[in-house]
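These are my notebook entries on a single structure, kept in the order in which I looked things up. I began with one loop residue and worked outwards to the ligands and the backbone.

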Amino acid sequence: MANVAVIGMQWGDEGKGKIVDILAAEFDIIARYQGGNNAGHTVITEAGEFTFHLIPSGILYPEKKCIIGNGVVIDPRALLSEIDYIKEKKVKVNGNLLIDERAHITLPYHCTLDSIIDEQRGKGRLGTTGRGIGVTYMDKVSRIGIRMADLLDEETFREKLEINFGEKSYLHQKKINLGEIVNEYLLYGKKLSHYVTDTSLFLNQEIAAGKKVLFEGAQGTMLDIDFGTYPYVTASNPVAGAVATGLGIGPTKIDEVLGVTKAYTTRVGEGPFPTQFSPEFEEKIRLKGNEYGATTGRPRRCGWMDAVVLRYAVRINGLDNLAITKLDVLDELKEINICTAYKYQGKILTEFPSLLRVVKECELIYEKMDGWNEDISLIRNYDKLPAAAKNYLKRISELLNIKISIISVGPRREETIYL
Ligand code: GDP
Ligand code: IMO
Ligand code: MG
């Protein structure tokens with residue numbers, strides 16, 4: 001298929017970075033459409049381990065173009081330091097990274113306010129990444145955001161800040177010191193200017209010329225501002241529907257949608273997580289799966305695979321295929337559980353509830369499956385997987401009514417089984 005979107009089906013960190021990196025070999029362009037440097041996408045190759053926050057995970061292929069689309073929010077300082085970090089590792093960036101001129105930028109006061117606002121929520125705090133993402137999107141919808149094009153035009157940049165910090169504005173009342181950032185950020189703008197362009201125009205021209213595009217989602221369906229466990233979500237739409245608005249292409253240009261899920265579930269930050277393990281077992285899986293945030297280093301919460309969540313993700317994203325990652329992390333278990341439905345006040349629920357109180361009070365219905373108790377990380381062929389691992393995969397495919405096309409058995413490129 002021509003243009004494929006790669007979408008997280010859970011609460012982020014499903015292994016999108018690895019999947020995008022291996023698929024990128026077959027595409028011409030890799031494009032991010034939402035989120036910001038709250039994302040942390042890990043790619044491991046012979047050149048070492050890379051964590052990408054804003055730069056698409058296709059950047060390791062020097063002949064491909066990577067796009068940061070209009071729907072992404074960009075912290076210029078963070079982006080420049082990410083560019084430096086990968087240049088140090090001898091990765092080519094000049095000429096193959098394109099940044100959209102309509103993308104909104106994150107300034108230091110967005111990060112300050114992000115942390116203040118989250119703290120002020122008290123017991124309702126979200127546990128954001130503190131990267132200013134929510135506040136940048138807040139300014140965007142409040143029509144006071146500053147875009148990449150504005151940053152590159154000194155007059156506009158100064159004028160917008162002046163308006164935003166006017167005497168009656170909410171920013172003025174926050175008593176943020178603006179003076180220092182203007183010159184610093186104008187300089188960042190200059191440094192980024194040669195990457196900045198109308199990426200929608202570029203993308204549409206390339207698609208018309210027959211080029212293949214891989215769309216890289218950040219976060220996951222359950223962190224989506226509309227469909228996630230609101231308010232314990234991020235501020236953008238990671239779901240497939242946002243690919244079009246986040247890149248300025250028509251939805252008709254998306255040919256296929258690939259969902260990525262772990263063979264179990266993780267979540268960083270606060271909010272409901274029905275299948276979360278007991279603390280002792282969680283610690284065991286966290287260690288085996290190295291479940292620590294790629295952006296903030298926080299320990300990730302871990303739990304069983306939740307078919308209610310995944311069926312929901314299949315529906316919301318219109319998924320065509322599935323990539324299952326981290327199957328190897330379950331290697332040593334005697335028994336594996338899959339949550340197949342929830343039960344609330346005696347009623348079986350097969351759809352994810354919108355009211356969080358219901359989610360929290362649900363009883364979970366689990367199906368028990370045999371573990372395989374064998375190291376599968378060296379297996380490259382589906383037929384060679386232990387019978388119990390194949391049964392687990394088959395059952396997931398049945399429960400979600402979708403084909404599995406990729407199975408990942410380790411973090412490296414080669415630790416992959418293609419179906
Ligand atoms: P993303 O945000 O969806 O790109 O995922 P992250 O990079 O934040 O987290 C996934 C973590 O799992 C990273 O440390 C990857 O290197 C690692 N990983 C990816 N696939 C596999 C796999 O199949 N097995 C194991 N053991 N680790 C994996
Ligand atoms: P990738 O792309 C996992 C979580 C935060 C917090 C909530 C809101 O690596 O999968 P935010 O800073 O976005 O306002 O925080 O969303 N979160 C992620 N969790 N992976 C991510 O990205 C995340 N990006 C945000 O932990 O609970
Ligand atoms: Mg991540």
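Entry 1, a loop residue. I looked up E14 and found this residue in the loop between β1 and α1, where helices (H or I, at least four residues) and strands (E, at least two) are DSSP runs numbered from the N terminus. E14 is buried, at a relative accessible area of 0%; buried means under 20% relative accessible area, exposed over 50%, and partly exposed in between, with a 1.4 Å probe and protein chains only. I also took its separation from H172: the two are 158 residues apart in sequence, and their C-alpha atoms are 40 Å apart in space.

For the record, this is a predicted model, in which local features need pLDDT of at least 70, side-chain atom pairs count only at pLDDT 80 or more, and totals for chains, interfaces and linings use all residues. Residues are numbered from 1 along each chain as its sequence is written, chains are lettered from A and ligands numbered from 1 in the order in which they are written, and side-chain values use heavy atoms, with hydrogens and water left out.

Entry 2, the helix that follows. I asked myself how many residues of α1 are buried. The count is nine of its nine residues, and α1 is mostly covered. Among them I noted K16, G17, K18 and D21, along with I19, V20 and I22.

Entry 3, ligand 1. Which residues come nearest to ligand 1? Of the 20 residues around ligand 1, they are K16, G40, T42, D328 and S408, a residue being near a molecule or strand if one of its heavy atoms lies within 4 Å of it. I then went through polar contacts, which are pairs of N or O atoms within 3.5 Å; within protein, one must be able to donate a hydrogen and the other to accept it, and residues adjacent in sequence count only if both atoms are side-chain atoms. E14 returns here, since I found a polar atom of its backbone 3.1 Å from an oxygen atom of ligand 1. For G17 the partner is likewise a polar backbone atom, with an oxygen atom of ligand 1 at 2.8 Å, whereas D13 uses an N or O atom of its side chain, 3.0 Å from a ligand 1 oxygen. On its own, ligand 1 has 580 Å² of accessible area, of which the protein covers 92%; the areas come from the Shrake-Rupley method with a 1.4 Å probe, and for residues only the protein chains shown count as cover. The elements giving two or more residues to the shell around ligand 1 are α1 and β3.

Entry 4, ligand 2. Here I found 20 surrounding residues, the closest being D13, K16, H41, T129 and T234. A polar backbone atom of D13 is 2.8 Å from an oxygen atom of ligand 2, and a polar backbone atom of G40 is 2.9 Å from an oxygen atom of this ligand. H41 contributes an N or O atom of its side chain, 2.7 Å from an oxygen atom of ligand 2. The protein covers 97% of the 550 Å² of accessible area that ligand 2 has on its own.

Entry 5, the magnesium ion. What coordinates the magnesium ion, ligand 3? I found D13 (OD) and G40 (O), at 2.1 to 2.2 Å; donors are N, O and S atoms within 2.8 Å of the metal (3.2 Å for Na, K and Ca), and water is not among the atoms, so sites may look incomplete. D13 lies in the loop between β1 (4–8) and α1 (16–24), and G40 in the loop between β2 (29–32) and β3 (41–45), so the pair ties together parts that are 27 residues apart in sequence. D13 is partly exposed, with a relative accessible area of 22%, while G40 counts as buried at 11%.

Entry 6, backbone details. I noted a cis peptide bond between Y230 and P231, with omega about 5°; P231 is in the loop between β10 and α10. P238 also lies in the loop between β10 (213–216) and α10 (242–247), and is buried at 1% relative accessibility.

I then looked up two positive phi values. K90, not a glycine, has a phi of about 70°; K90 sits in the loop between α2 (76–88) and β7 (97–100) and is exposed, with a relative accessible area of 76%. N401, also not a glycine, has a phi of about 55°; N401 is in the loop between α14 (387–400) and β19 (403–408) and is exposed at 69%.
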